[in-house]
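Here is a short briefing on one protein chain. It goes topic by topic, from surface to interior.

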Amino acid sequence: MKNRIITVLVLAILSLLSGILISKMSFIGKVGITIIYNEYTILKSWWQTALVMFVIQLIVFGILSFSQHKKQSKVKRSILPIVFILIGVAGFYYTYYDFTETSHRLMKKSFHFGFYLFWITWFINCFFFFSTKPKQVELTESNSEINEIV
């Protein structure tokens, strides 16, 4: 349980850093968002961007957390993290392509690195579940007495 709390705190810190970096976009990007792309105004606010990034990471954390059953084999437990890693690789590649081949290349490097950091956080989230083993509940003497009473 302690490792999960530490992982969520790491996800929160990296999402906060990602949100701050994304909000440091170039002047051209801010003007474009203000005039043409109004649906992306959330990216101009660091705390809103960080909150969205953190919620996405928590959703992935929750899905991966609920998919880890103690009675499953290691192969079955590692299928969903591998699927999410593949989604992350595709997302990272598309983000890189978008930032090098489209008009988004005019944005600052901090904007780009903020999104790259989001995908790196995604991978950290997936590798945490890929590498952890579910804990086995040990039946102690006090637990067996409770079970006998019930």
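A surface patch is made of residues with over 30% relative accessible area and no salt bridge, and like charges are joined within 9 Å. Lys and Arg count as positive. In this predicted model, K24, K30, K44 and K108 form a positive surface patch. The chain holds six helices and zero strands. Buried residues make up 36% of its 150 residues.

**Fold**

- From the N terminus on, the elements run α-α-α-α-α-α.
- No strand is present; the count of strands is zero, against six helices.

**Positive patch**

- The members of the patch are K24, K30, K44 and K108.
- K24 sits in the loop between α1 (2–23) and α2 (27–35).
- The relative accessible area of K24 is 47%. Partly exposed means between 20% and 50%, so K24 is partly exposed.
- A patch residue needs over 30% relative accessible area; K24 has 47%.

**Nonpolar patch**

- Which residues make the nonpolar surface patch of about 730 Å²? They are L16, I20, W46, W47, L51, V55, I59 and I63.
- The elements that give two or more residues to this patch are α1 and α3 (46–66).
- Helix α3 gives the most, with six residues.
- I63, one of the patch residues, lies in helix α3.
- I63 has a relative accessible area of 39%, so it is partly exposed.

**L17 and W47**

- L17 belongs to helix α1.
- With a relative accessible area of 40%, L17 is partly exposed.
- L17 and W47 are 30 residues apart in sequence. Their C-alpha atoms are 9.8 Å apart in space.
- W47 is also a member of the nonpolar patch.

**Aromatic pairs**

- How many aromatic pairs does the structure hold? The total is 14.
- F111 and F115 form an edge-to-face pair. Their ring centres are 5.2 Å apart, with 70 degrees between the planes.
- Planes over 60 degrees apart count as edge-to-face, so the 70 degrees of F111 and F115 put this pair in that class.
- F111 and F115 are four residues apart in helix α5 (residues 109–131), so about one helical turn separates them.
- Is F111 buried or exposed? F111 counts as buried, because its relative accessibility is 5% and the limit for buried is under 20%.
- F115 counts as buried too, at 18% relative accessibility.
- F118 and W119 make an edge-to-face pair, because their planes stand at 75 degrees with the ring centres 5.0 Å apart.
- F118 and W119 are both buried.

**Aromatic cluster**

- F92, F99, F111, F115, Y116 and F123 form one aromatic cluster.
- F111 and F115, paired edge-to-face, are among the cluster members.

**Contacts made by α4 residues**

- G88 has its place in helix α4 (residues 74–101).
- G88 is buried, with a relative accessible area of 0%.
- What separates G88 and F118 in space? Their C-alpha atoms are 9.7 Å apart, and the two residues are 30 residues apart along the chain.
- F118, the partner in that distance, is buried.
- F84 is found in helix α4.
- F84 has a relative accessible area of 11%, so it is buried.
- The C-alpha atoms of F84 and C126 are separated by 6.7 Å. Along the chain, these two residues are 42 residues apart.

Notes:
Residues numbered from 1 in each chain as written. Predicted model: local features only at pLDDT ≥ 70, side-chain atom pairs only at ≥ 80, totals over all residues. Heavy atoms only, no water. Patch = residues over 30% accessible without salt bridge, like charges linked within 9 Å, V, L, I, M, F, W, Y side chains within 5 Å. Areas by Shrake-Rupley, 256 points an atom, 1.4 Å probe, with all protein chains shown as cover. Salt bridge = Lys/Arg side-chain N within 4 Å of Asp/Glu carboxyl O. Charge placed at Lys NZ, Arg CZ, Asp CG, Glu CD. Buried < 20%, exposed > 50% of the residue type's maximum accessible area, 1.4 Å probe, protein only. Phe/Tyr/Trp six-rings, centres within 6.5 Å; stacked < 30°, edge-to-face > 60°.
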